[in-house]
Amino acid sequence: MFLEPKCHAGSIEVISGSMFSGKTEELIRRLRRAQIAGLKTAIFKPSTDTRYSQTAVVSHDKHSVQSIVVSKSADILALAEDSQVIGIDEAQFFDNELTAVCRTLAFRGARVIAAGLDMDYLGRPFGPMGAMMCIADDVTKVHAICSRCGSVAQFSHRLSADDKLVSLGEKNTYEPLCRECYAKLSQVKELVNDTCGCN
Ligand code: ZN
């Protein structure tokens, strides 16, 4: 269980994992605890995320926190000016300026918590998330449960033929899979067979 930083200097936390791994739930949990502590909070999400609501960060279990929708990461700098704890949801959809923005906020003394998918549906690092993990003080990897075998899942397998990277995750579009089930079902099957040589 993640516990809040004890000092009040700035910091950067990253919460990452596959679809249905509880990233947004964990982000909301940390934001709510900061609110209980009497800290001024703000939460931002990219304008490409239109699931359920335009004005709230909504997780799959319907818990939500009001948020500010921005079109680029630089907007966060101006809008978060007097916030002590800053949440960023769907961080993988932001531009690569996000790391510089988060560093600036942290050096200003803010606690920044960014949640996002670590990998796209092809298993590649997603947007700025790899760099975000490098600059973070703390990284929390959360996991889903494999929908095929019940093991711990870290991959988001796309069920539709749509190959748009920004396609958003609903239950009928993606399923969480463990590595073994992902290798069997996804486009990496050929890659695994080509390079491994053990099959
Ligand atoms: Zn599995």
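Ser 147 touches Glu 175, Pro 176 and Leu 177, leaving aside residues up to four places away in sequence. I begin with this residue of our predicted model and shall then work towards the central sheet. Along the chain, Ser 147 and Leu 177 are 30 residues apart, yet their C-alpha atoms are separated by 6.1 Å. Where does Ser 147 lie? It belongs to the loop between strand E9, residues 144–145, and strand E10, residues 152–153. With a relative accessible area of 43%, Ser 147 is partly exposed, because that value falls between the 20% limit for buried residues and the 50% limit for exposed ones.

Let us place this residue within the whole protein. The secondary structure comes to six helices and twelve strands. Of the 199 residues, 47% are buried. The protein exposes about 10100 Å², and 54% of that area is supplied by carbon and sulfur atoms. If we take the contacts with a separation of 6 or more, residues 24 or more positions apart account for 69% of them. The pair Ser 147 and Leu 177, at 30 residues apart, illustrates how such positions can meet.

How confident is the prediction? The mean pLDDT is 86, and 80% of the residues reach 70 or more. Over residues 193–199, however, the pLDDT is below 50, and this stretch has two contacts in the model beyond near neighbours in sequence.

I turn now to the sheet. In which order do its strands stand? The sheet is open and has six strands, in the order E5-E2-E6-E7-E1-E8, with parallel pairing. Strand E5, residues 68–70, and strand E8, residues 138–142, stand at the edges; each has a single partner strand, so one side of each is left without a neighbour in the sheet. On average, neighbouring strands here are turned by 20 degrees against each other, direction ignored. As general background, the strands of a sheet pair through backbone hydrogen bonds, and they may do so in a parallel or an antiparallel manner.

Consider strand E6, residues 85–88. E6 pairs with E2 in the parallel sense over four bridges, and with E7 in the parallel sense, also over four bridges. Gly 87 shows both pairings. On the E2 side, Gly 87 is the bridge partner of Ile 43; on the E7 side, Gly 87 stands opposite Ile 113. Which way do the residues of E6 point? Val 85 and Gly 87 point one way, while Ile 86 and Ile 88 point the other way, and all of these are buried.

After E6 the chain enters a loop that leads to helix H3, and Glu 90 lies in this loop. Glu 90 has a positive phi of about 50 degrees although it is not a glycine. Is Glu 90 buried or exposed? Its relative accessible area is 7%, which is under the 20% limit, so Glu 90 counts as buried.

Helix H3, residues 98–107, lies across E1, E6 and E7, and runs at about 140 degrees to E1. Together, E6, H3 and E7 make a right-handed β-α-β unit.

At the other end of the strand order, E1, residues 11–17, pairs with E8 in the parallel sense over five bridges. Within this pairing, Gly 17 stands opposite Val 142 in E8. Ser 16 also lies in E1. At 0% relative accessibility, Ser 16 counts as buried. Which residues surround Ser 16, leaving aside its neighbours within four places in sequence? Its contacts include Lys 23, Gly 116, Asp 118, Met 129, Met 133 and Val 142.

Between E1 and helix H1 there is a loop, and Phe 20 lies in it. Phe 20 has a positive phi of about 60 degrees, although it is not a glycine. Phe 20 is partly exposed, because its relative accessibility of 21% is not under the 20% limit for buried residues.

Finally, helix H1, residues 23–36, lies across E1, E2, E6, E7 and E8, running at about 165 degrees to E7.

To summarise, the picture has an open six-strand sheet with parallel pairing. Helix H1 lies across five strands named a moment ago, among them E2 and E8, and H3 lies across E1, E6 and E7. Ser 147, where I began, lies in the loop between E9 and E10.

Note on methods: Residues numbered from 1 in each chain as written. Predicted model: local features only at pLDDT ≥ 70, side-chain atom pairs only at ≥ 80, totals over all residues. Heavy atoms only, no water. pLDDT = per-residue confidence, 0-100. Contact = heavy atoms within 4.5 Å. Pairing = 2+ DSSP bridges. Helix = DSSP H or I, 4+ residues; strand = E, 2+ residues; numbered from the N terminus. Axes fitted to C-alpha atoms, helices over the stretch in contact; angles between N-to-C directions. Buried < 20%, exposed > 50% of the residue type's maximum accessible area, 1.4 Å probe, protein only. Areas by Shrake-Rupley, 256 points an atom, 1.4 Å probe, with all protein chains shown as cover. Right-handed = clockwise from strand over helix to strand, strands pointing away.
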